[in-house]
Each structure stands twice: as C-alpha cells, then as structure tokens.
Amino acid sequence: MDDCVAIGLFRHGVTKANSKKQFCGWTDVPLSEEGRAALKVPAADYEWIVTSDLLRCRQTASLFWPHPQTLSCKLREFHFGEWEGKTHLELEHSPSYQRWLQDYFLPVPGGDSYASFAKRVEEGFRDVLDTMEKRNIRRAALVTHGGVIRHLLSVWAPEAKSFEEWTSENGQGYELSGSLADMRRGKRCTSLQAVPLMAKKNG
C-alpha cells in the first residue's frame, strides 16, 4: 500500500528503580550501568526518533541513533503519584493500593487514572501520526515506557488484546506496520513484529 509506514515502539533500558521493583512513572531516573551496557547493540534505522521527555528514554535513544530527538511529555509512563519510588511490599497494606490492585481503572492518589493515562498516550501517538503525514515520514521510532507501549498495542496492534495481556520488557521493542491513513482513523495496523534491542545471552 502506498501509505504504509513502520513505527517502532521501544522500551527504555533498565534503571535501578526497575531492578528494585519500585513504582517509577514520572520520577526522572537515569539508566543504570547495567542497563546502559545491555543496550549497546546496533538497532534498525529510522528517519525520525521520538522519545518520552524523561531521562531514561532519552539516554536509551542516544545509544542507538545519532539523530536529534523529538521529546514528548505525552509519552510519559503512568504517573504513580504518592506511590512513586515505593515497592509492592511497602504498599501492600494500604487500602487504596489494595483497591487499585482489584481495579486498575481507579485513580492513583496524586497520580493518573487509567482513563487520564490512556487519553494522554493516545494523543501523543496521534501527534506522531499527524507529523508523519505532514513530513512524509515512513519510518519512526518511539522510545518510551512499558505501560505506554502496552496501551498503544491494546489500541493499534493487529490482534485485539487487553492492556494486561501485552508485555513490554526493558530494552525490547515492537514494530507496527500498516496504512498511515487507517491508523490515523483509529484502525489497527496490519503487521506487528518483535524487535529485540539487546544481545542474546549464550545458550
């Protein structure tokens, strides 16, 4: 098809917060040394690189592509509010946390609800699609967060699966392909493939 485009969705590398299993949405942490080392592998080339404005995403993008980055605060992770920097063990006796575990559509104290998060992320992705149309860009990469990628896949991936059915590991990615016009109309893409960004371990 004439307007076929490819959009890579890549999750940032490992941070110390990831290793400690802390909730880390809007907290602006850097990649860990382990995370940086694991990502020093060539990645596919793209015409345009868009990243969440948070440091861990900007650092990840810089390890792969020399291109200037376009920053988007709309592609930030879910904002965990009062739970930022805390772990499940620290929160497990909190009534509001227990309610949220039963229904993640409930708002987090001082942070996002799933609805506010989804609205922001979809707006950010549509901004990307609109710019690709205006600038005739056929290959773009988004470096963002696990929650963002899982939500985008739930809306635009070829296979209809819910947020919780998708996975997004640090340093891994997907590439969506399909008609730009269709995707701008909210239709699902026609192809999805996994794009590893880290060297395979021996064995």
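1. Let's start with the pocket. In this predicted model, the largest pocket comes out at about 830 Å³. The lining counts 29 residues, and the ones closest to the pocket centre are Arg 11, Phe 23, Glu 77, Phe 80 and Arg 150. If you have the structure open, those five are a handy way to find the spot.

2. Which elements give two or more residues to that lining? They are helix H1 (16-19), helix H6 (114-135) and helix H7 (146-156). H7 supplies the largest share, with 3 residues.

3. As for the chemistry of the pocket lining, the residues split into 10 nonpolar, 12 polar and 7 charged. Glu 77 and the two arginines, Arg 11 and Arg 150, are among the residues closest to the centre, and so are Phe 23 and Phe 80.

4. Now for strand S2, residues 48-52. Is S2 buried or exposed? 5 of its 5 residues are buried, so the strand is largely enclosed by the rest of the structure.

5. S2 has a strand partner in S4 (residues 139-144): the two run parallel and are joined by 4 bridges. S2 also pairs with S3 (residues 69-72), again in the parallel sense and over 4 bridges. Ile 49 is a good residue to click on here. Opposite Ile 49 in S4 stands Ala 141, while the bridge partner of Ile 49 in S3 is Gln 69.

6. A general reminder for anyone looking at side chains here: in a regular strand they alternate between the two faces of the sheet.

7. How do S2 and S3 fit with helix H3? Together with H3 (residues 55-64), the two strands make a β-α-β unit, and that unit is right-handed.

8. On to the cysteines. How many disulfides does the structure hold? The count is 0. Take Cys 4: its closest cysteine sulfur is that of Cys 189, and the 9.5 Å between them is too far for a bond. The cut-off for a disulfide is a pair of sulfur atoms within 2.5 Å. Coming from the other side, Cys 189 has Cys 4 as its closest cysteine by sulfur, so no bond is counted for Cys 189 at 9.5 Å either.

9. Where do those two cysteines sit with respect to the surface? Cys 4 is partly exposed, with a relative accessible area of 35%. Cys 189, at 5% relative accessibility, counts as buried, because the cut-off for buried is under 20%.

Note on methods
Residues numbered from 1 in each chain as written. Predicted model: local features only at pLDDT ≥ 70, side-chain atom pairs only at ≥ 80, totals over all residues. Heavy atoms only, no water. 1 Å grid on protein atoms, 1.4 Å probe; cavity = no way out; pocket = protein on both sides within 12 Å on 5 of 7 lines; lining within 4 Å. Points joined across faces, edges and corners; volume = space filled by probe spheres on them. Nonpolar A, V, L, I, M, F, W, Y, C, P; charged D, E, K, R; others polar. Buried < 20%, exposed > 50% of the residue type's maximum accessible area, 1.4 Å probe, protein only. Pairing = 2+ DSSP bridges. Right-handed = clockwise from strand over helix to strand, strands pointing away.
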